[in-house]
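Q: Could you take a close look at one part of this model for me? I'd like to know how the helix at its centre packs against its partners, and what sits around that region.

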Amino acid sequence: MNDEEYGILNLFLLYTGIMAQIYGMGVNNAFIYFYWDVYKDKDQLKKLISNTLGLLLFFQFIYISIGLLFGEHFLPILVNSSDKFTFSPIFIAALFFSGFMVFYEMFLYFFRNEGKLKLYSLLSISTLILLTIGSLIGVVYLDLEAVGAIFGRAFGYGIVVTCFLVCLIYKYGIGFDVKQSKVLLAFGIPLFVNAIIGAFAAGLDRILIERLDKLENLGVYGLALMILTVIEVWFNSLNNSLAPTLYRYLNESFQEKAKEIKVLVHTIVILVIIAIVVTIALINPILDLFIPESFHDVALYIPLLAAAFFWRVFTAMVSYSLYLEKKTKYLVFNQSTYLITLSISGYFMYQSYGIIGIVYAIYIVKVIEFILMNYISQRVKKLNFQLGRMIFIAIFISISAFVCTILYKPEANNYILYLLPLVTFAILTPFILKSELKDIVVAIKNRKELFN
């Protein structure tokens, strides 16, 4: 695909992410947390699952129907490129793909929490395989470009998610309990509002570029985000493997498991830091080896976008207290603040610096978000994860990422320059994070005793 086609694909991914949050109405997110209240009681768990499936199917039927009936009229309001991001087949594919995504995420969390690693792996791997096959057929064999990639994704997720959905409905049924539905919605609505605002906030950079710049430049920027999904996947994998234990300890034995909790948090953060500096170091060789030259400008965006991920991880860690105390209303406040500040700063920074100005704004707003959420979380429940030294490391690596961005030259060989964050991490870590590294080594050696 060329850069314009890749821009269309990025718009599809952006709006399916937003629609998936609308479809869920916060119910799928509420399920994740109510699971821990009933997971020891099979009857209550079955009731929770069947009721969640029923609510999600009901909401999806409503929203897909509205989209099919009226989508052609409000699509030009959503996108500036409605002549290329068409109602049929792209928007219609987005309507159904978003529904698959809601169930996909719910099933992954459920299998993870249940410790059913074979089903978790089967869902993940089979989706990836069919998605890849479908994309290859659509893009390469049928030469449908962005539409082929979109159909390939819908094909991969659709077949797998439908099969799992049918199996879970057969096992747990579809229920509708008014009392439990009210509880799910009461807890989930703030999460829904937070998620929908967060989805717009997370995609606001692409919305601004699509509105203010060219679709081709959105394609280039979108590839940068796609490359950084390596870090996203790595963080999600760590969360999926360690977060259930971490949340259980925080919820059930906070004082007794204080050491284990600290080690789990430090393990997640340090491993993400490693992924960030390695990604920055390797980006230029990867571009030269595998990516067409028209996309090589993504190297300008990678260092700061990767460094901004530090603050997302820190924010995720300190936000545990809000979930433990059921204070989800603060998440809505956080995402609203993020959306407003990024809208204003992103717009004005673009006017001065172009797309890289939006990247500057993202980094600054991420830092502000962490400071705000850390303050609120400490007021709600002090968890004392001892993140100070890791924040110190993140600041120095961020400075080196800024240096990479400022000194970057498209025509030059930037291999050595982009090693700077990795070198900074390698020099500072043995001195600053010495005790944290020792704790992680001990935890790995004694993982069966510590995390049973």
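**Helix α3 and its surroundings**

A: Let's start a little off to the side, with Ser-135, which is found in helix α5, residues 117-141. This is a predicted model, so keep that in mind throughout. Ser-135 has a relative accessible area of 17%, and since anything under 20% is called buried, Ser-135 is buried. Setting aside residues up to four places away in sequence, Ser-135 touches Val-140, Gly-148, Ala-149, Gly-152 and Arg-153.

Now for α3 itself, which spans residues 42-78. One partner is helix α1, residues 3-24: the two pack at an angle of about 140°, and their axes are 10 Å apart. An angle over 145 would count as roughly antiparallel and 65 to 115 as roughly perpendicular, so α1 and α3 come out as oblique to each other. Their crossing is right-handed. On the α1 side, the residues involved are Tyr-15, Ile-22, Tyr-23 and Gly-24, and they meet Leu-56, Phe-59, Gln-60, Tyr-63, Ile-64 and Leu-78 of α3. Sorted by class, that contact has eight nonpolar residues, two polar ones and no charged ones.

The other partner to look at is helix α6, residues 145-172, which packs with α3 at an angle of about 130°, again with axes 10 Å apart. α3 and α6 are therefore oblique to each other as well, but here the crossing is left-handed. From α3 come Lys-46, Ile-49, Ser-50, Leu-53 and Leu-57, and these meet Leu-165, Leu-168, Ile-169, Lys-171 and Tyr-172 in α6. This contact divides into seven nonpolar residues, one polar and two charged.

Some of those names come back around Phe-107. Not counting neighbours within four places in sequence, Phe-107 is in contact with Leu-53, Leu-123, Val-161, Phe-164, Leu-165 and Leu-168. The largest nonpolar core has 158 residues, and Phe-107 is one of the three that touch the most other members, along with Phe-314 and Leu-387.

Last stop is Phe-87, in helix α4, residues 87-114. Phe-87 is buried, with a relative accessible area of 14%. Leaving out neighbours within four places in sequence, its contacts are Gly-67, Leu-68, Gly-71, Glu-72, Leu-75 and Ile-92. For a sense of distance, Phe-87 and Lys-257 are 170 residues apart in sequence and 53 Å apart in space, going C-alpha to C-alpha.

Methods:
Residues are numbered from 1 along each chain as its sequence is written. This is a predicted model: local features need pLDDT of at least 70, side-chain atom pairs count only at pLDDT 80 or more; totals for chains, interfaces and linings use all residues. Side-chain values use heavy atoms; hydrogens and water are left out. Axes are lines fitted to C-alpha atoms, for helices over the stretch in contact, and angles run from 0 to 180 degrees between N-to-C directions. Helices (H or I, at least four residues) and strands (E, at least two) are DSSP runs, numbered from the N terminus. Angles under 35 degrees count as roughly parallel, over 145 as roughly antiparallel, 65 to 115 as roughly perpendicular and the rest as oblique. A crossing is left-handed if the near helix is turned anticlockwise from the far one by less than a right angle, and right-handed if clockwise. Contact means heavy atoms within 4.5 Å. Ala, Val, Leu, Ile, Met, Phe, Trp, Tyr, Cys and Pro count as nonpolar, Asp, Glu, Lys and Arg as charged, and the others, Gly among them, as polar. Buried means under 20% relative accessible area, exposed over 50%, partly exposed in between (1.4 Å probe, protein chains only). A nonpolar core is a set of buried Ala, Val, Leu, Ile, Met, Phe, Trp, Tyr and Cys residues joined through side-chain atoms within 4.5 Å.
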